[in-house]
Amino acid sequence: VCSSNGSLSGSAPGNSTGSDPIPNIGTWSLVSGSGTIASPNAPNSAVSNLGSGANIFRWTISGAGCSAFDEVAITNNQPTTSNAGPDAVTCFDNFDLGANNPSVGIGTWSDLTVGGTAYFDNTGDYNTRVNNLKVGANTLRWTIVQGGCSSSDDIIVTRNNPPAATITTPATTPFNICTDVQTLVAPDPSPNTGVWQVISGA
């Protein structure tokens, strides 16, 4: 199963044989693993809280001093719930991912972007680096698989590509002046924001 819930199905207890037949009693019990049996004396019962891996249950029929039993194994292959991390924005063509490290199952990264060009340093590493992101939204999926069951989550990494910063006045460097006033001119960066700052001097 791919969840912590399942169902049990055993044969009907029937009656004991002999001159004075009495109803037999059927009982479900847990042999190994974990699980909560909803109706222990019903042939068909729901079971919840199954542990990861194999969980073995026994159906025992008792009557007239005799008993017989049969066992069934329910394997819970539910993987760790996938978490690809929060959506992010970057100005570069690479980004360090931060998904969850699965305790049950194996995780794999994939690029779902239409026409995507991204590639991963290690597709099986939850915190790998993704490279060659397209400008705009990149949809990346972290999928955790265990025994035919899977859990997946997507992250959207948006790559912005601001225009190159250029200075038009003064047009050359170094630029010498004979006063303490100079007008600096650069192209309008809209819709982005441009900021002047002093690197050296005063």
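What follows is a short tutorial chat on reading the strands, core, salt bridges and surface of a predicted model.

Me: Let's start with the sheets. Which strands form the open sheet of four, and in what order?

Reply: Go by who pairs with whom. Here the order is β7-β13-β12-β9, and the pairing is mixed. At the edges you find β7 (88-90) and β9 (106-111); each has a single partner strand, so one side of each is left without a neighbour in the sheet. If you look at how the strands lie against each other, neighbours in this sheet are turned by 25° on average, direction ignored.

Me: How many bridges join β12 to β13?

Reply: Eleven, and the two strands run antiparallel. β12 covers residues 136-146. For a spot to click on, try Ile144: its bridge partner in β13 is Ser151.

Me: Now the sheet of three strands. Which strands stand at its edges?

Reply: Read the order before you look for edges. This open sheet goes β8-β11-β10, with antiparallel pairing. That puts β8 (95-96) and β10 (119-120) at the edges, each with a single partner strand, so one side of each has no neighbour in the sheet. Between β10 and β11 (residues 129-131) there are two bridges. Phe120 has Val130 of β11 as its bridge partner.

Me: Next, the inside. Which residues have the most contacts within the largest nonpolar core?

Reply: General idea to begin with: in soluble globular proteins, nonpolar side chains tend to be buried together. In this model, the largest nonpolar core has 13 residues, and those with the most contacts inside it are Leu97, Trp109, Val130, Leu140 and Ile155. Two elements, β12 and β13, each give two or more residues to this core. The largest share, three residues, comes from β12.

Me: On to charges. How many salt bridges does a search of the whole structure find?

Reply: Three. To read one, look for a side-chain nitrogen of Lys or Arg within 4 Å of a carboxyl oxygen of Asp or Glu. Take Glu71 and Arg58, with their closest N and O atoms 2.4 Å apart. This pair links distant parts of the chain: Glu71 sits in β6 (residues 66-76) and Arg58 in β5 (residues 53-63), 13 residues apart.

Me: And the other pairs? Which strands does the salt bridge of Asp96 and Arg129 link?

Reply: The side chains of Asp96 and Arg129 meet at 2.7 Å, N to O. Asp96 is in β8 and Arg129 in β11, 33 residues apart along the chain. There's also Asp154 with Arg141, again a salt bridge, at 2.7 Å from N to O. That pair links β13, which holds Asp154, to β12, which holds Arg141, with their positions 13 residues apart in the chain.

Me: Why does Asp96 count as partly exposed?

Reply: The label applies between two cut-offs: under 20% relative accessible area is buried, and over 50% is exposed. Asp96 has 46% relative accessibility, so it counts as partly exposed. Arg129 gets that label at 33%. Try the other pairs too: Glu71 is partly exposed at 35%, and Arg58 at 26%. Asp154, with 31%, is partly exposed, and so is Arg141 with 28%.

Me: Last one. Which residues form a nonpolar patch on the surface?

Reply: Here you look for nonpolar side chains that show on the outside. Ile167, Leu184 and Trp196 make up such a patch, with about 320 Å² of accessible area together. To find Ile167, go to the segment after β13 (149-159).

Methods: Residues numbered from 1 in each chain as written. Predicted model: local features only at pLDDT ≥ 70, side-chain atom pairs only at ≥ 80, totals over all residues. Heavy atoms only, no water. Patch = residues over 30% accessible without salt bridge, like charges linked within 9 Å, V, L, I, M, F, W, Y side chains within 5 Å. Areas by Shrake-Rupley, 256 points an atom, 1.4 Å probe, with all protein chains shown as cover. Pairing = 2+ DSSP bridges. Axes fitted to C-alpha atoms, helices over the stretch in contact; angles between N-to-C directions. Core = buried A, V, L, I, M, F, W, Y, C linked by side-chain atoms within 4.5 Å. Buried < 20%, exposed > 50% of the residue type's maximum accessible area, 1.4 Å probe, protein only.
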